[in-house]
Each structure stands twice: as structure tokens, then as C-alpha cells.
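Thanks for sharing this one. Here are a few notes to read with the structure open beside you.

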Amino acid sequence: GATVGFVRHMRHTRDPLVPPSLFGDRTFTVVNLATVLLYGSLGVSFFLVAYQLQVAAGWSALAAGSALLPATVLMFVLSAASGSLAQRIGPRLQLTVGPLLAGAGLFLLARIGPDASWAADVLPGALVFGLGLVTFVAPLTATVMAAADPDHVSVASGVNNAVARAASLGALAVVPVISGLSAASGPSQVIEAVQVAMVIAACAAAAAAPLAFLGLGRTVRAHRSAAGARKKGARRKP
């Protein structure tokens, strides 16, 4: 009810907080739909891996929480290069390959069991997962901003950020219920439920690949920054 009321108000107010015209752009809508799939899978996956390592494998909270650190390091080191690449070749390829890599990494992480070894069971999946994040995160954000007109770049970025956070929280609420984790009582049930949940997350991430490939045109571009987009728009004004 509240969401419907908000949308209705935004459609009829003179100066809407979120201009409905943003969603009239195909690129903006496609990328935000991909954001739902990707950030929903990411949000639940970090929780699931840490939970599985603590409950099933008996790791400490610190060890379980830092198990996916290689993915974060890859993001820190390579994100700028990924963004620059998207500016040169367009974001479509990276927004297709990145989700597939992320999904493959999550499939690998679904193998975590009672005798999990970090080097054998966690690290390979973390690296593939991290490469997927590196490939799609920066182009996704830049493409959302490029899809908006210069006056609404900041709003577009804010909408995409809100979509990402909502998708992450929604997945945390829904996926454990679907997989049976919320009702699991013993270690064996927990292991099985977490593995099912990880497969669901992997499939959701991979589903963003065909969405981006089919929904984005080859000429779609990714801008460097909001400031750059505003300057470009200013030069176009008579």
C-alpha cells in the first residue's frame, strides 16, 4: 500500500523526488532489474558463506567472516581498471560476463561442507566470485548514471543504490525460507539448506547475464562520473 501510494504521488507531483521518466529509459530499467538479481544474490551469499563455515565447519566468527576477503581485495585493486574498460568498449560485455563469473563463484562456494578447507573449498570460489564483482560492479553503476539526463544523474545513482540495498535485504528475508534454512534444526539440515540457498543465489546472479545481453544495446555507454555527465549536458545547451 505504501509503495503504491508513493509511486502514484511521484507520477502526479510537479517536482517528484524520483522522476518517473527515469524508468522510461530502457537502459535504466534493465540495469536496475539486473541490480535486483545481482545484489540480492550478493547480499545473501556473504551471510550464507559465513553461516555455513561457522555452523557446519566449526570455524570461528573471525575466520568465517574474513573467508571471502580475496573477493574484496580484488574489488579494491581492479575496480578502477574495470570502469575504464567499460568506458572504452561499452558496458554490455562486462554486464554479461560479470554475472556469469559471479554465479560460477557462488556455485563453487556451495560445495562448503563440514570438513571445509579455506584453500581447497573457499579460495577458488572466492577468487572467481571476486572477478565477477570486479567485472560488473563499476560498469553497472556508471551505466545507470549514463542513462539519466544530466539534471538527474544524482537521483539515478540514488535510486540504483536504494534498489541494491532493498534487493539485498529482501533476499536475506526470502532465500533462507525458500531453501528451508529457517526451519533447519540439525547440522546436516543446515548444510543441505545452505547449499540449496547458495545455488539459488548463483542462479539469480547468472540470470542477470542474459538480461543485460538482450536488454542493452551495443551502443550503450558508461560515463566516468556525474560531474562529467553534467558538463557534457551543459555543452549541449544552446
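1. A good place to begin is Asn160, which is buried, with a relative accessible area of 7%. It counts as buried because that value falls under the 20% cut-off. Please keep in mind throughout that this is a predicted model.

2. Where does Asn160 lie? It is part of helix H7. Once neighbours within four places in sequence are set aside, the residues in contact with Asn160 are Asn32, Thr35, Leu140 and Val144. If you centre your view on Asn160, those four are the ones to display around it.

3. Next, the nonpolar interior. The largest nonpolar core holds 55 residues, and the ones with the most contacts inside it are Leu53, Leu106, Leu109, Val122, Phe136 and Met198. Which helices each supply at least two residues of this core? They are helix H2 (26-55), helix H5 (92-109), helix H6 (118-147), helix H7 (153-179) and helix H8 (187-215). H2 gives the most, with twelve residues.

4. Val122 deserves a view of its own, as it is among the residues with the most contacts inside that core. Leaving out neighbours within four places in sequence, Val122 is in contact with Leu53, Trp59, Ala67, Leu68, Leu109, Ile112 and Ser117. Two of these partners, Leu53 and Leu109, also appear among the core residues with the most contacts.

5. Now for the aromatic rings. How many aromatic pairs does a search of the whole structure find? The search finds three. One of them is formed by Phe47 and Tyr51, and this pair is stacked, at 5.6 Å centre to centre with 25 degrees between the planes. It is classed as stacked because the planes are under 30 degrees apart.

6. Phe47 and Tyr51 both belong to helix H2, and they sit four residues apart, about one turn of the helix. Are these two rings' residues buried or partly exposed? Phe47 is partly exposed, with a relative accessible area of 37%, and Tyr51 is also partly exposed, at 29%.

7. Finally, the surface. Leu69, Val73, Phe76, Val77, Leu78 and Leu131 make a nonpolar surface patch of about 590 Å². Helix H4 (residues 69-89) provides the largest share of the patch, five residues.

8. Within that patch, take Val73 as an example. Val73 lies in helix H4 and is partly exposed, with a relative accessible area of 44%. Val73 can be part of a patch because patch residues need over 30% relative accessible area.

Key
Residues are numbered from 1 along each chain as its sequence is written. This is a predicted model: local features need pLDDT of at least 70, side-chain atom pairs count only at pLDDT 80 or more; totals for chains, interfaces and linings use all residues. Side-chain values use heavy atoms; hydrogens and water are left out. Patches are made of residues with over 30% relative accessible area and no salt bridge: like charges are joined within 9 Å, nonpolar side chains (Val, Leu, Ile, Met, Phe, Trp, Tyr) within 5 Å. Accessible areas come from the Shrake-Rupley method with a 1.4 Å probe; for residues, only the protein chains shown count as cover. A salt bridge is a side-chain nitrogen of Lys or Arg within 4 Å of a carboxyl oxygen of Asp or Glu. Buried means under 20% relative accessible area, exposed over 50%, partly exposed in between (1.4 Å probe, protein chains only). A nonpolar core is a set of buried Ala, Val, Leu, Ile, Met, Phe, Trp, Tyr and Cys residues joined through side-chain atoms within 4.5 Å. Contact means heavy atoms within 4.5 Å. Rings of Phe, Tyr and Trp (its six-membered ring) pair if their centres lie within 6.5 Å; planes under 30 degrees apart count as stacked, over 60 as edge-to-face and the rest as tilted.
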